[in-house]
Amino acid sequence: MLLPGLTHLDHQRHGWRLLARTLTQAHVGSFAHRGELRRAKRIVVKLGSAVVTRGDECGLALGRLASIVEQVAMLQSQGREMMIVTSGAVAFGKQRLRHEILLSQSVRQALHSGHNQLKDVSLPVLEARACAAAGQSGLMALYEAMFTQYTTCTAQVLVTNLDFHDDQKRQNLNSTLRELLRMNIVPIINTNDAVVPPPEPNSDLQGVISIKDNDSLAARLAVEMKADLLIALSDVEGLYNSPPGTDDAKLIDIFYPGDQQSIIYGTKSRVGIGGMEAKVKAALWALQGGTSVVIANGTHPKVTGHVITDIVEGKKVGTFFSEIQPAGPTVEHQTEMARISGRTLASLQPHQRSEIICRLAELLTEKSEEILTANKTDMDLAVHAGHLPPAMLKRLSLSPAKLTALAVGLRQIAVAARDSVGRVLRRTRVAHNLELEQITVPIGVLLVIFEARPDCLPQVSALAIASGNALLLKGGKEAANTNRILHQLAQQALSVHGVGEAVQLVSTREDVEDLCRLDKMIDLIIPRGSSQLVRNIQRAAKGIPVLGHSEGICHVYVDGEASVDKVIKIVRDSKCDYPAACNAMESLLIHRDVLRTPLFDQIVDMLRAERVKIHAGPRFASYLAFSPSEAKSLRTEYGNLECCIEVVDSMQEAVDHIHKYGSSHTDVIVTENEDTAEQFLQLLDSACVFWNASSRFADGYRFGLGAEVGISTARVHARGPVGLEGLLTTKWLLRGDGHAAADFSEQGSMEYLHQELPVERPPAGQRESN
C-alpha cells in the first residue's frame, strides 16, 4: 500500500534508504565470508583493459560498459558509495587517432595524385601516452552520458604514483574523493597515462604497493579510502590453480594468503600491462589493508549484466580473497571426496552395502538418546525463535517411535540393496562371439537439499548407499544439531567398509543457489521441502537435472456412482490426515448428480467438523444462493485445512479439469462403476492415479519402497514416489573375443543374430559357449 502523496519511485527510494541504514558504517577489516559482502558500503570497481575494450583493441565495448554502469548506478542508489577505477583511455584514443591519421593521409594522397584512386595506407605505431591524451576526454564523456541515464553524477580523477607517495598530495586526493562520495557522486579514477613514466621493476616501497597498473592503483585506492570491497573485473572467471585452459586447471572459490605457493601463473591478458600475478599481488595487499577483494569475469555475455550485483549479494562468483580459512573443507572438496569414495561404494559387493545400511539402522537405536537430546536442542531453539509454523515444528520433532520406524524402513532398504547395482536388465547375443548386456549403475553424485526434517537424512543416506551413489546433504539450519549427529552415525556405518567419505554434510555458509551451480560435480539435485524451495532450486539449477515437483495440487473426484462410506473416509483422510503434505487433497470435484443429495451434505458436514475452510469454484458458486468464499484460483496448493470444491458433469470433464488445473501429482476417483474407474485410470496423465483410495497413499513407505527421496512429477527418468530404483541408471556392456570387432570393421561381413538371452547371467567361467 502506498503512503498518501508518495509515488512508487518515492517508495522505492524509501526502501533503498532503509537498506542503506543496514550497511557498514565504519571500516572494521575485511569480511570473512561471502555472505557478509551484502554489508559492504564503500566499494571500488576496477575495470580491466580486457573488460572495457573491444576484441580488436580499438575502441570500447559499449554494451558491456553500459551494463556495468547500470549495476554501479543501482548500487549507488541503494546508499552505497561507489568508485570506479577504469582502463580504456588508450584504446579510445587509439581509435580516434587512427581515424584522424587515415583521414589525413587520404586527403594528402588525393591532393597529390589529383584523383580519387588511393594507395594502401599504412598506419604508424601509436605511442600509448599520446593515445591516452587523445582518449581521456572521450572516455570520461562516455561515462558521464551513461550515468546521466540513471540521474547519477560522475567526476573524473587522474592520478600518478606521486599522488600517493607525497603526503600532502595523498591527503588532498583523499579529501577530494571523500567530498565527492559525500555528495553522492561516482568518482571515475584512472592513472594519468599521458604523463606517467613506464613502471620500474621492483619499485615497491617498504610495505607500500607502487602504482604500476590499474590493479595496483585500485588496491592502493581501496586501502587509502578504507573501502569495504574491491571488485576487480577481468577476462577470466577468477583465479585458477594453474593457467586457464590447461587440463587440470580449477577455479579457486576462496583464496587465502598462505595459498600463493600452490598457484602457477599463465600469460597476461591480450591487453593491459598487468596479469593475474599482478592482480593477486594487488588483491593480497588490499586484503592486508582491510579491504575484501573479489576477482571475477567482466566480459562473459551471460553474466556481465549482473556480475557486480551478484558479488555484492554474496553469490559464488569469481575468487573471493579471505584472511580466515574455514575449519572444514570447501564444498567443492567435499563433493570431490564424495565422488571418489562413492566409486568405491559402488564397487562393493551387494551384501556389503546391505551391511552398512543395517549398521546404520542399529546405530539409530543404540544412539537414540544422543539423537533425541540433539533434537530437543533444535526444537527448543526453534520454539524460542518463533518463526517456524506448527507443520514444520512437527516435521522437525523426532521421537523414539519415529526412530524405530526409521530403523525398520532402513532394514527394508538393506534387503533391496542386495539386488540393485549391477542387476542385468537385458542380455542380447548381437552376433557370434559378441554379447551385449544392459545393467543398472549409480547415477553418480546426488545433492539432496531438505528443510526442517532430520528424519530425511538417514532415509536418503540409506537409499544412496543401496544404489551406490555419492551423497551431498544440505539440511535446514533449524535441524543443525540433529543433522550433525545423524551424519556422524552415517559416516560411522560407512566406515565398516572404508567408504566413510561417500556421504557428506555441507555445514559451510553455502547458499543453495551456489550449490546448484556445481554442474561439473553434481549429477542430480533432489529437493525435499516446500513448493517454494523446489521452485527456487529449479530456477537456480543450471545444467543439473532436478528430481521433484514444485506443486502438489491433488484432486479427489466423487463420481455419481460413489459409495457414501468410501467417499467420507477417502475425502477425510486425503484432506485432514496431514494437510501440509504434498499428497494432500486440495480440490474436491463433485459430479453434478451428487450436488443436491444427502451424500453431498455429509461431505460438507464432515469437512466443517474437521474445520476445513471451503472455497467455491465458479460453477459450484453458481448453484448456491449463499456460497462460501469463491476460490481465487483453481490451481492453488493450500497446504493447510482449506480446499476448493467444484462441480463437473462427467468423468471426462473431471479428467479435463485435472489436466488443466492439476500438477500431475496424485489424483483420485471414488466410484463403484468399474468401467468408469478404468477409463479414469487410463485417461489421466498424473504420476499417481488411484481408484477408491486416499491420495495420501502416494508415499514410498506405503508403496513398499522402504523410503523415498521424494515424489517426482517429471516425465523423464523416475516418476511418482522415488525409491531405490529411481536412483539408478544403466550402462551397456559389450563382450567380444576380438574377432567380432575385426569382422565389424568390414562392412556387411557380420551376421547379426540379435538373439535375446536369459537375463540371469551365469557366474564367470560358466557362461554359455558362443
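# Rings, charges and strands: worked exercises

Start with a quick look at one spot: Lys 394 lies over the face of Tyr 578, 5.0 Å from the ring centre. To qualify, NZ of Lys or CZ of Arg has to be within 6 Å of the ring centre and within 35 degrees of the ring normal. You're working with a predicted model, where local features need pLDDT of at least 70, side-chain atom pairs count only at pLDDT 80 or more, and totals for chains, interfaces and linings use all residues. Residues are numbered from 1 along each chain as its sequence is written, and side-chain values use heavy atoms, with hydrogens and water left out.

## Exercise 1: a charge over a ring

Find the ring that has the charged end of Arg 702 over it.

Solution. Go to Phe 697: the charged end of Arg 702 sits over this ring, 5.8 Å from its centre.

## Exercise 2: aromatic pairs

Work out how the rings of Phe 255 and Phe 321 are arranged, and which parts of the chain they tie together.

Solution.
- Step 1. Searching the whole structure turns up 4 aromatic pairs. Rings of Phe, Tyr and Trp (its six-membered ring) pair if their centres lie within 6.5 Å; planes under 30 degrees apart are stacked, over 60 edge-to-face, and the rest tilted.
- Step 2. For Phe 255 and Phe 321, the ring centres are 5.3 Å apart and the planes stand at 65 degrees, so this pair is edge-to-face.
- Step 3. Phe 255 belongs to strand S6 (residues 254-255) and Phe 321 to strand S8 (residues 319-321), so the pair ties together parts 66 residues apart in sequence. Helices (H or I, at least four residues) and strands (E, at least two) are DSSP runs, numbered from the N terminus.
- Step 4. Phe 255 counts as buried at 1% relative accessibility, and Phe 321 is buried too, at 0%. The cut-offs here: buried is under 20% relative accessible area, exposed over 50%, partly exposed in between (1.4 Å probe, protein chains only).

Now try Tyr 557 and Phe 680: are they stacked or edge-to-face?

Solution. With 6.3 Å centre to centre and 20 degrees between the planes, Tyr 557 and Phe 680 are stacked. Tyr 557 sits in strand S15 (residues 554-558) and Phe 680 in helix H24 (residues 674-683), so this pair links parts 123 residues apart in sequence. Tyr 557 and Phe 680 are both buried.

## Exercise 3: strand S10 and its partners

Trace the strands that pair with S10, then look for a salt bridge between S9 and S10.

Solution.
- Step 1. In strand S10 (residues 434-442), 8 of the 9 residues are buried, so the strand is largely enclosed by the rest of the structure.
- Step 2. Strand S9 (residues 424-431) runs antiparallel to S10, with 6 bridges joining them; two strands pair if DSSP finds at least two bridges between them. Thr 428, for instance, has Leu 436 in S10 as its bridge partner.
- Step 3. Look at the turn: S9 and S10 make a hairpin with 2 residues between them, and Asn 433 in the turn has a positive phi of about 65 degrees.
- Step 4. S10 also runs antiparallel to strand S23 (residues 728-736), this time through 9 bridges. In S23, Leu 728 is the bridge partner of Pro 442.
- Step 5. Arg 427 and Glu 437 meet in a salt bridge at 3.4 Å, N to O; the term needs a side-chain nitrogen of Lys or Arg within 4 Å of a carboxyl oxygen of Asp or Glu. Arg 427 lies in S9 and Glu 437 in S10, so the pair ties together parts 10 residues apart in sequence. Both Arg 427 and Glu 437 are buried.

## Exercise 4: a salt bridge along a helix

Place the salt bridge between Glu 179 and Arg 182, and decide whether Arg 182 is buried or exposed.

Solution.
- Step 1. The whole structure holds 31 salt bridges. In the one between Glu 179 and Arg 182, the closest N and O atoms are 2.6 Å apart.
- Step 2. Glu 179 and Arg 182 are 3 residues apart in helix H7 (residues 167-182), so about one helical turn separates them.
- Step 3. Glu 179 is partly exposed, at 34%, while Arg 182 counts as exposed, at 60%.

## Exercise 5: the surroundings of Asp 685

Locate Asp 685 and list what it touches.

Solution.
- Step 1. Asp 685 is in the loop between H24 and strand S20 (688-691), and is partly exposed, at 34% relative accessible area.
- Step 2. Leaving out residues up to four places away in sequence, Asp 685 touches His 659, Ser 664, Arg 715 and Arg 719; contact means heavy atoms within 4.5 Å.
- Step 3. The side chains of Asp 685 and Arg 715 make a polar contact at 2.5 Å. That term covers a pair of N or O atoms within 3.5 Å; within protein, one must be able to donate a hydrogen and the other to accept it, and residues adjacent in sequence count only if both atoms are side-chain atoms.
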